[in-house]
Amino acid sequence: GMTENYNYGRRGIYTSERNFTAENVKQIVDRAMSTHNANVCDIQRLYNYYRGRMDILDRTKEVRPEINNKVVINHAAEITNFKTGFTFGEPVQYVYRGKDTLDDANNRADDESLAALNKLMYKMGKSSRDRELAQWLFICGVAQRITLYEGKELHTYVCVPRCTFTIRANDFTKRVLLSVIYSTDDMIDDITDIPKKKYTIYSDSHCWQFEDNVLVGESEIVFNPVTEYWANPTRQGCFETVLGIIDELNNIASNRADGIEQQIQSLTWFNNVEIDEEQFAELAAKGGICTKSAPNMPASIQMLQNVLDQTQTQTYADDLYQKMLQIAAVPDRKASAGGNTGQALIIGEGWTQAEAAAKSFEQSFDESEKAFVENVLKIIRTVTTSSTVPADFADLTVDDIDIKFTRNKTDNLLTKTQGLQNQLEAGIHPRIAIENCGLYSDPQQVYVESVEYLEKWKNQSEQDKAAVMNNADSGAPDEFDEIFRKLTAKGGADDGESE
């Protein structure tokens, strides 16, 4: 079927051109279309798999073709839904990365800017857009979003990867040069007309609009509003590496269903039974076979049965299912191999591996997310939205922002609260302690709202600092210095004796 043109990961689209004009840009896009169309075939196939339209549905059967069960077990959806929920179950939050400055007023301004930015994201409904973006990323390995300022509001939309692509530099930078979004006109004047294709092409400084090959609009822009995300460097979907196993599990299930049905509808064999043609036709239709053997043999009528060994088949299916989960880094629901303490379960059932895979995915996501945040800041530093003014973001830069994913907030709740308290007692800055204890999906907001209640830790740390300073001033001998002095004073003599 479609497997021949299937190419294991979406292909990147590159160009050697660096200067884009209304004259050459459409040609460059046309040249890119063939690679994009090959990607679209893959994207469509993976999307079909996610929705349950799989190759098993095209199955044909040579022997007893009338018994042909087509069983789809949607493992593609199982894997995708787990990944999406596990990674994006909580909104992606922006937290403070930490300044080199000790000036608290400065830091406070940044905290407030970040709180304003997170509030703006909430107003934009970004978390539900992220979930939509993530679903495409996990299905086909690539996804795009576009961010626009429209009538006092900032909006972000997820593009459909089948009609969106990015053209990059064909050197080691692979940086984005052009983004293309196209659609087909559905209103046609005349029956004979072929519907027009509309293209919007963005570079870093220009936006061109074409209808087929006719330039219908051109404007200058401040940045390319489209951000492309990759799930991983090979741009593969989360179940793409296990497609063969998914197909085989469907195949096993379908064959088992056939086996059960064939046992119920087993054939009856009539040997040496006199029968005319009309009766024979009727017999065949009802599942009978009639044969003649050597003369003088007794007549016999018996059931033909060949029962499928379900136990062995189940062992094979279980083995494949386990391999599929391991390769796709999805935890298993069976009991753990290593005892049933919380941690043993977490490791034995593959949660540790799922966490590692999610962290690795986050690295890919972060790179594009930073580009998205940079675009957002470029807009909101210059315009007023219904919830922000440019002054809110006066000093905030992308370098001040860390992108935070939150998972399993309530797992090991006591351990986490203990961890938070230990950090605070050790004198770790409360903002860092709150970010790193894993308790809050919006650590920034928690810190901003808790600042006055955290004063006691500040006083504590200032007392500690004063104590250290006093110690240094009073010339009181430091314990370590004391030991060091003793060791060095005696020199090498000790060594000789100690042997």
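**A tour from the core to the cavity**

Start with the largest nonpolar core, which has 67 residues. Select Tyr94, Leu117 and Phe239: these touch the most other members of that core. Keep in mind that this is a predicted model.

Next, select helix H9, residues 351-380. H9 gives the most to this core, with 10 residues.

Now centre the view on Leu117. Which residues does Leu117 touch, leaving out those up to four places away in sequence? Show Tyr94, Val373, Val376, Ile380, Phe393, Leu396 and Ile401. Tyr94 thus appears twice on this stop: as a contact of Leu117, and beside Leu117 among the residues that touch the most other core members.

Then move to the second core. This core is separate and has 19 residues. Select Val29, Phe165, Ile167 and Leu177, which are among its members.

Stay on Phe165 and turn to the empty space. How many cavities of 30 Å³ or more are there? The count comes to one. About 150 Å³ of space lies in this largest cavity. Its lining has 17 residues. Select Arg11, Asn39, Val142, Phe165 and Glu228 to see those that lie nearest the cavity centre. Phe165 therefore belongs on two selections, as a member of the second core and as a lining residue of the cavity.

Colour the lining by element. Helix H1 (25-51), strand E3 (142-150), strand E5 (164-169) and strand E10 (226-230) each give two or more residues. Which element supplies the largest share? Strand E5 does, with four residues. Recolour by residue class, and the lining divides into six nonpolar, six polar and five charged residues.

Next stop: Asn107. Select helix H3, residues 104-123, and find Asn107 in it. Is Asn107 buried or exposed? Asn107 counts as buried, because its relative accessibility is 11% and the cut-off is under 20%. Add Tyr96 to the selection. Asn107 and Tyr96 are 11 residues apart along the chain, and their C-alpha atoms are separated by 9.0 Å.

Finally, zoom out to the whole chain. Show it as a cartoon: there are 15 helices and 14 strands. Of the 499 residues, 40% count as buried. Take the contacts between residues at least 6 apart in sequence: 65% of them join residues at least 24 apart. Switch on the surface last. The chain exposes about 28200 Å², and carbon and sulfur atoms supply 53% of that area.

Note on methods:
Residues are numbered from 1 along each chain as its sequence is written. This is a predicted model: local features need pLDDT of at least 70, side-chain atom pairs count only at pLDDT 80 or more; totals for chains, interfaces and linings use all residues. Side-chain values use heavy atoms; hydrogens and water are left out. On a 1 Å grid over the protein atoms alone, a cavity is a set of points where a 1.4 Å probe fits but cannot get out, and a pocket is an open set with protein on both sides within 12 Å along at least five of seven lines; lining residues have an atom within 4 Å of a point. Grid points are joined across faces, edges and corners, and a volume is the space filled by probe spheres set on the points. Ala, Val, Leu, Ile, Met, Phe, Trp, Tyr, Cys and Pro count as nonpolar, Asp, Glu, Lys and Arg as charged, and the others, Gly among them, as polar. A nonpolar core is a set of buried Ala, Val, Leu, Ile, Met, Phe, Trp, Tyr and Cys residues joined through side-chain atoms within 4.5 Å. Buried means under 20% relative accessible area, exposed over 50%, partly exposed in between (1.4 Å probe, protein chains only). Contact means heavy atoms within 4.5 Å. Accessible areas come from the Shrake-Rupley method with a 1.4 Å probe; for residues, only the protein chains shown count as cover.
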